[in-house]
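Here's a quick briefing to read alongside the structure. Have a look at the model first, then work through the notes below it.

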Amino acid sequence: MLIKILLILAVVLLILLFLRHHGKSNTAAGVKIGFAVFMVFGVVAVLLPNAVSEIANFVGVGRGTDLLLYGLVVAFGFATINTFLRFKELELRYAKLVRAVALQNSTVPEEKAPEPSDA
Amino acid sequence: MILRQDLTVLEDFVAEWSDVWLVVPVYNEAQVIGDVVRHARQTFPNIVCVDDGSADASAERIHEAGAHLVRHPVNLGQGAAIQTGVSYAKSRPGAKYFVTFDADGQHQVDDVVRMLKRLQAEELDIVVGTRFLAGADTSHIPLLKRLVLKTVVMLSPRTRRLGLTDAHNGLRVFNRTVADTLNITINGMGHASEFVELIDHHHWKVAEESVTILYTEYSMAKGQSLINGVNIVFDSVMRTGSRH
């Protein structure tokens with residue numbers, strides 16, 4: 001019984017976290033809908049474990065637990081790729097910022113004829 | 001008197017390449033960068049070194065040697081440094097030709113002069129250095145390095161289509177057209193593949209010129225490890241995937 005409360009609490013916390021970042025991030029609408037569906041599914045799965053098993057049987061997976069595991073793996077993959085792409089984008093912005101700062105602070109050499117070297 | 005005459009001759013010589021900018025990405029090369037810049041300055045008056053967040057005295061050595069200095073406040077990688085250098089060079093008055101040149105003394109000034117003359121004579125957009133032109137002596141290149149570089153070329157259909165034999169040569173000479181469109185987004189070492197991709201995408205007229213790479217003990221110790229090739233391939237694949 002306690003686990004049910006904990007799990008639902010976790011889902012609610014996740015929703016809150018997501019909503020707080022809502023305005024700042026420009027996540028695609030599809031991701032948001034997917035996330036909402038996942039949240040609802042999470043609550044249903046906690047309250048009606050048998051329903052998950054029934055869905056699992058319906059799609060041809062033995063147990064509800066296995067279905068959850070498969071779903072988790074897929075979700076993890078998506079999350080990883082999403083993070084990777086986000087990092088790439090950030091890196092590019094970061095490079096542009098660094099470039100702008102670098103170009104502003106460039107140093108022109110003092111005027112003088114090139115000196116001979118023995119290199 | 002003699003001294004003054006020498007200076008005039010030197011100035012005439014220098015003026016010949018006053019529309020050329022050498023772009024040198026530098027990361028912790030304090031040991032050699034001074035000599036490399038001084039030596040190149042005997043031929044090319046305009047050199048911009050991009051200090052890519054070095055922790056050593058690279059910046060001081062660059063300034064002493066008389067090159068323009070642009071400093072990344074943090075380390076980004078060679079690709080980003082080249083892009084910064086080209087951005088800087090093309091904003092300088094009279095810049096017409098651009099050269100990417102390594103900081104560790106691997107590249108030869110004579111090769112650059114030859115590549116520039118070829119770019120002008122054949123009205124090309126970009127000339128890329130190669131170690132593997134047919135008939136070239138490659139015995140000075142470490143065997144493992146040779147094998148990996150050739151495999152990379154073999155695996156890249158784009159490189160083969162363009163008729164390039166050495167996609168990861170850092171020595172390149174290009175004109176204003178290329179410099180104005182150039183937008184390197186791979187910060188790290190994978191930028192060489194991005195260069196090839198850009199050549200293909202923009203239909204730049206490209207040619208290869210045989211160049212000599214000096215494998216000194218210093219450059220071998222500093223140079224990128226072969227395992228880094230994995231990173232390069234990964235970067236390229238991810239780019240291809242995200243483009244289409």
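S1(B) is covered on both faces: B:Val20, B:Leu22, B:Val24 and B:Val26 are buried on one side, and B:Trp21, B:Val23 and B:Pro25 are buried on the other. Bear in mind that this is a predicted model. That burial takes in 7 of the 7 residues of the strand, which spans residues 20-26 of chain B, so S1(B) is largely enclosed by the rest of the structure.

**Who sits beside S1(B)**

- On the S4(B) side (residues 97-100), the two strands run parallel and are joined by 4 bridges.
- Within that pairing, B:Val23 has B:Thr100 as its bridge partner.
- With S2(B) (residues 47-51), S1(B) again pairs in the parallel sense, here over 5 bridges.
- Here B:Val26 is matched with B:Asp51 as its bridge partner.
- Put S1(B), helix H2 (residues 30-41) of chain B and S2(B) together and you get a right-handed β-α-β unit.

**The whole sheet in chain B**

- The sheet is open, has 7 strands with mixed pairing, and follows the order S3-S2-S1-S4-S6-S5-S7.
- The edges belong to S3 (68-71) and S7 (206-210) of chain B; each has a single partner strand, so one side of each is left without a neighbour in the sheet.
- On average, neighbouring strands in this sheet are turned by 20° against each other, ignoring direction.
- Helix H4 (residues 78-91) of chain B lies across S1, S2, S3 and S4 of that chain, and runs at about 150° to S1(B).

**Two loop residues with positive phi**

- As background, most residues other than glycine have a negative phi.
- B:Asn28 goes against that habit, with a positive phi of about 50° although it isn't a glycine.
- You'll find B:Asn28 in the loop between S1 and H2 of chain B.
- B:Asn28 has 17 C-beta neighbours inside 10 Å, so it counts as partly exposed.
- B:His203 is another non-glycine residue with a positive phi, this one near 55°.
- B:His203 belongs to the loop between helix H9 (191-202) and S7 of chain B.
- Is B:His203 buried or exposed? It's exposed, with 8 other C-beta atoms within 10 Å.

**Chain A: helices**

- Chain A has 4 helices and 0 strands, so to speak an α-α-α-α run from the N terminus on.
- Of its 119 residues, 5% count as buried.
- How do H3 (residues 49-59) and H4 (residues 64-104) of chain A pack? Their axes are 7 Å apart, at an angle of about 75°.
- An angle from 65 to 115 degrees counts as roughly perpendicular, and H3(A) and H4(A) are therefore roughly perpendicular to each other.
- On the H3(A) side, A:Pro49, A:Val52, A:Ser53, A:Ile55 and A:Ala56 take part; they meet A:Gly64, A:Asp66, A:Leu67 and A:Leu68 in H4(A).
- By class, the residues of this contact are 6 nonpolar, 2 polar and 1 charged.

**Where the two chains meet**

- How many residues of chain A are in contact with chain B? There are 19, and they touch 25 residues of chain B.
- The chain A side of this contact has 11 nonpolar, 4 polar and 4 charged residues.

Methods
Residues numbered from 1 in each chain as written. Chains lettered and ligands numbered in written order. Predicted model: local features only at pLDDT ≥ 70, side-chain atom pairs only at ≥ 80, totals over all residues. Axes fitted to C-alpha atoms, helices over the stretch in contact; angles between N-to-C directions. Parallel < 35°, antiparallel > 145°, perpendicular 65-115°, else oblique. Contact = placed C-beta atoms within 7 Å. Nonpolar A, V, L, I, M, F, W, Y, C, P; charged D, E, K, R; others polar. Buried ≥ 20, exposed ≤ 12 C-beta atoms within 10 Å, placed from the backbone. Pairing = 2+ DSSP bridges. Right-handed = clockwise from strand over helix to strand, strands pointing away.
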